[in-house]
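Here is a short walk through one protein structure. Keep the sequence and the 3D view side by side as you read.

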Amino acid sequence: MIAQEKRDKFAKNIPDNSCIIMVGKSEQLRNGDVFYPFRQDSDFLLLTWLDIPDLILIWVRRWSDMQWSIYSEPISDREQIWGTSRLTPEEISQISLIEDV
C-alpha cells in the first residue's frame with residue numbers, strides 16, 4: 001500500500017530515540033449546525049490514507065524499532081444516533097495498516 005511505503009521511507013530519516021506527533025485536521029463549522037466539506041491535511045492523508053477528522057498519528061523510534069500509533073476520539077452516543085463520519089478502530093487499522101489504534 002502507498003501509505004505503508006511512504007511511512008517506511010519517512011521512518012528511515014527519523015533519528016533514534018525520537019517521537020513525532022502529527023495531528024490531522026478537524027471539521028470546520030460554517031454556521032449554526034453546518035460544516036464546511038472536510039478535507040484532510042495532504043501529508044497526513046499520504047501517510048495514513050485516512051480522510052476522517054480528529055486523528056493523531058504518533059511515531060516512536062527506539063533504536064531501530066519503529067512504532068506507529070493512531071489515536072481517535074471514541075464515537076459518542078449522540079454520533080451513533082445522528083450518524084458520523086468516524087470509523088471504528090478496526091476500520092482505521094484496516095485502511096491504514098497500523099495495528100495500534
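The paragraphs below go from the overall layout to the single elements.

Note one thing at the start: this is a predicted model. The protein chain has four helices and five strands. Follow the sequence, and these elements come in the pattern α-β-β-β-α-β-β-α-α. The C-alpha trace spans about 50 × 25 × 25 Å along its principal axes. Of the 101 residues in the protein chain, 30% are buried. The chain exposes about 7,100 Å². Carbon and sulfur atoms supply 52% of that area. Now take the contacts between residues at least 6 apart in sequence: 54% of them join residues at least 24 apart.

Begin with the helix α1, residues 2-11. Which of its residues are buried? They include A3, R7 and A11. These three cover an arc of only 70° around the axis, so they sit on the same side of α1. The spacing fits a general rule. An α-helix has 3.6 residues a turn, so residues three or four places apart point the same way. Turn α1 around, and the face away from its buried side carries the exposed residues E5 and K9. What covers the buried residues of α1? The cover includes the helices α2 (42-48) and α4 (89-96). It also includes the strands β4 and β5.

Move on to β4, which takes in residues 55-62. This strand is mostly covered, with six of its eight residues buried. Strand β4 has pairing partners in β1 and in β5. Strand β1 spans residues 18-23. It pairs with β4 in the antiparallel sense, over six bridges. One bridge to find is that of V23, whose partner in β4 is I56.

Strand β5 covers residues 65-72. Eight bridges join it to β4, and the two strands run antiparallel. Here V60 has Q67 in β5 as its bridge partner. The strands β4 and β5 form a hairpin, with two residues between them. Look at W63 in the turn: its phi is positive, at about 55°.

Back to I56, in strand β4. Is this residue buried or exposed to some degree? I56 is partly exposed, with a relative accessible area of 31%. A patch residue must have over 30% relative accessible area, and I56 is part of a patch. That nonpolar surface patch is made by I21, V23, I56 and Y71. Its area is about 390 Å². So V23 and I56 share a patch, and they are also bridge partners.

One more feature of β4 is worth finding. How many salt bridges does the structure hold? It holds one. The side chains of R61 and D16 meet there, at 3.3 Å from N to O. R61 lies in strand β4, while D16 lies in the loop between α1 and β1, so the pair ties together parts that are 45 residues apart in sequence. The two residues differ in cover. R61 counts as buried, because its relative accessibility is 16% and the cut-off for buried is under 20%. D16 counts as partly exposed, at 45% relative accessibility.

To close, look at β4 once more. It pairs with β1 and with β5. Strand β4 also helps to cover the buried residues of α1, and its R61 takes part in the salt bridge.

Conventions:
Residues are numbered from 1 along each chain as its sequence is written. This is a predicted model: local features need pLDDT of at least 70, side-chain atom pairs count only at pLDDT 80 or more; totals for chains, interfaces and linings use all residues. Side-chain values use heavy atoms; hydrogens and water are left out. Patches are made of residues with over 30% relative accessible area and no salt bridge: like charges are joined within 9 Å, nonpolar side chains (Val, Leu, Ile, Met, Phe, Trp, Tyr) within 5 Å. Accessible areas come from the Shrake-Rupley method with a 1.4 Å probe; for residues, only the protein chains shown count as cover. A salt bridge is a side-chain nitrogen of Lys or Arg within 4 Å of a carboxyl oxygen of Asp or Glu. Buried means under 20% relative accessible area, exposed over 50%, partly exposed in between (1.4 Å probe, protein chains only). Two strands pair if DSSP finds at least two bridges between them. The arc is that of the directions from the helix axis to the C-beta atoms. Contact means heavy atoms within 4.5 Å.
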